[in-house]
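Let's walk through this structure together, one region at a time. Keep the viewer open and follow along as the residues come up.

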Amino acid sequence: IYDLSRNEGFVYVGTSYDTSQFAVDSISMWWLKTGSSHYPDAKRLLILADCGGSNSYRAKLWKWELQQLASELGLTLQICHFPPGTSKWNKIEHRLFSQITENWRGRPLVSREVVINLIANTTTTTGLKVNAALDEGQYPTGIQVTDEQFNSIQIEKDLFHGEWNYRILPSQQPE
């Protein structure tokens with residue numbers, strides 16, 4: 001996670017699989033540990049995501065997990081996916097990951113502790129700060145979202161490329 005306005009990175013290193021659950025859990029952990037205190041009046045959260053992988057615009061599990069998060073936090077999640085082949089526009093790639101790899105260049109990554117410490121000690125002259133934590137949760141692959149679950153997602157597609165740009169609204173829980 002890269003918070004553009006604060007120039008802060010948050011990296012959760014998993015020991016299981018890079019799944020949609022892991023991606024959304026990372027967002028949740030960031031929000032609960034940091035985001036909510038920096039943005040206490042927030043009503044929505046903007047998430048810029050790549051077009052593929054665990055946070056693919058095609059992944060039903062990604063949208064299902066986002067629905068659970070939106071409902072849990074009571075926030076509208078505005079999702080904007082970068083179009084395919086445009087990772088050069090992604091600030092995470094250039095402002096965060098490139099600095100992390102520069103920081104650990106030539107150092108043996110011999111343990112999880114070393115990886116976490118190298119990531120967390122990444123800084124730049126422009127003020128980038130990076131936090132890192134180990135996530136030892138188990139994230140199994142192959143989880144299927146049923147049509148009924150998927151159809152229950154409170155999603156609003158934007159007029160411009162609604163497949164890539166959409167909002168997930170918190171579910172209205174009956175009282």
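## A walk from loop to core to pocket

With a relative accessible area of 32%, His161 is partly exposed. Bear in mind as we go that the model you are looking at is predicted. To find His161, go to the loop between strand 6 (155-157) and strand 7. The backbone deserves a look here: His161 is a residue other than glycine, yet its phi is positive, near 45 degrees. Most residues other than glycine have a negative phi. Another such case is Asn7, which is not a glycine and has a positive phi of about 55 degrees. Asn7 sits in the loop between strand 1 (2-3) and strand 2. Is Asn7 buried or exposed? Its relative accessibility is 16%, and under 20% counts as buried, so Asn7 is buried.

Now turn to another histidine, His81, which belongs to strand 4 (residues 76-81). His81 has a relative accessible area of 5% and is therefore buried. What lies around His81 once its neighbours within four places in sequence are left aside? Its contacts are Ala49, Asp50, Cys51, Asn55, Ser56, Tyr57, Trp62, Trp164, Asn165 and Tyr166. With one of these, Tyr166, there is also a polar contact: the two side chains are joined at 2.8 Å.

Trp62, which we just met beside His81, leads us into the largest nonpolar core. This core holds 28 residues, and the ones that touch the most other members are Leu45, Ile47, Trp62, Leu66, Leu77, Ile79 and Ile168. At least two core residues come from each of strand 2 (8-14), helix 1 (20-38), strand 3 (44-49), helix 2 (60-73), strand 4 and strand 7 (165-168). Helix 2 is the element that gives the most, with seven residues. Leu66 makes a handy place to pause: leaving out neighbours within four places in sequence, Leu66 is in contact with Val24, Ile47, Leu77, Ile79 and Ile168. There is also a second, separate core of 10 residues, and Val11, Val13, Ile119 and Leu128 are among them.

Next, look at the loops around some buried serines and threonines. Thr19 is in the loop between strand 2 and helix 1, and its relative accessible area of 7% means that Thr19 is buried. Beyond the neighbours within four places in sequence, Thr19 is in contact with Ser54, Tyr139, Pro140 and Thr141. Follow that contact to Ser54, which you will find in the loop between strand 3 and helix 2. Ser54 is buried as well, with a relative accessible area of 12%. Its side chain makes a polar contact of 3.0 Å with the side chain of Asp18. With neighbours within four places in sequence set aside, the contacts of Ser54 are Asp18, Thr19, Ser20, Ala23 and Trp62. That brings Trp62 back into view, a member of the largest nonpolar core.

Thr19 is a useful reference point for distances, too. Thr86 lies in the loop between strand 4 and helix 3, where its 10% relative accessibility counts as buried. Thr86 and Thr19 are 67 residues apart in sequence, and their C-alpha atoms are 21 Å apart in space. For Thr19 and Thr101, the separation is 82 residues along the chain and 22 Å between C-alpha atoms.

Our last stretch starts in helix 1, where Ser26 is found. Ser26 is buried, with a relative accessible area of 8%. Not counting residues up to four places away in sequence, Ser26 touches Ile1 and Tyr12. Which residues lie nearest the centre of the largest pocket? They are Ile1, Tyr2, Ile27, Leu48 and Ile92, out of 39 lining residues. So Ile1 appears in both places: it touches Ser26, and it belongs to the residues nearest the pocket centre. The pocket holds about 1100 Å³ of space. Strand 1, strand 2, helix 1, strand 3 and helix 3 (91-103) are the elements that give two or more residues to its lining. By class, this lining is made up of 25 nonpolar, eight polar and six charged residues.

How values were computed:
Residues are numbered from 1 along each chain as its sequence is written. This is a predicted model: local features need pLDDT of at least 70, side-chain atom pairs count only at pLDDT 80 or more; totals for chains, interfaces and linings use all residues. Side-chain values use heavy atoms; hydrogens and water are left out. Helices (H or I, at least four residues) and strands (E, at least two) are DSSP runs, numbered from the N terminus. Buried means under 20% relative accessible area, exposed over 50%, partly exposed in between (1.4 Å probe, protein chains only). A polar contact is a pair of N or O atoms within 3.5 Å; within protein, one must be able to donate a hydrogen and the other to accept it, and residues adjacent in sequence count only if both atoms are side-chain atoms. Contact means heavy atoms within 4.5 Å. A nonpolar core is a set of buried Ala, Val, Leu, Ile, Met, Phe, Trp, Tyr and Cys residues joined through side-chain atoms within 4.5 Å. On a 1 Å grid over the protein atoms alone, a cavity is a set of points where a 1.4 Å probe fits but cannot get out, and a pocket is an open set with protein on both sides within 12 Å along at least five of seven lines; lining residues have an atom within 4 Å of a point. Grid points are joined across faces, edges and corners, and a volume is the space filled by probe spheres set on the points. Ala, Val, Leu, Ile, Met, Phe, Trp, Tyr, Cys and Pro count as nonpolar, Asp, Glu, Lys and Arg as charged, and the others, Gly among them, as polar.
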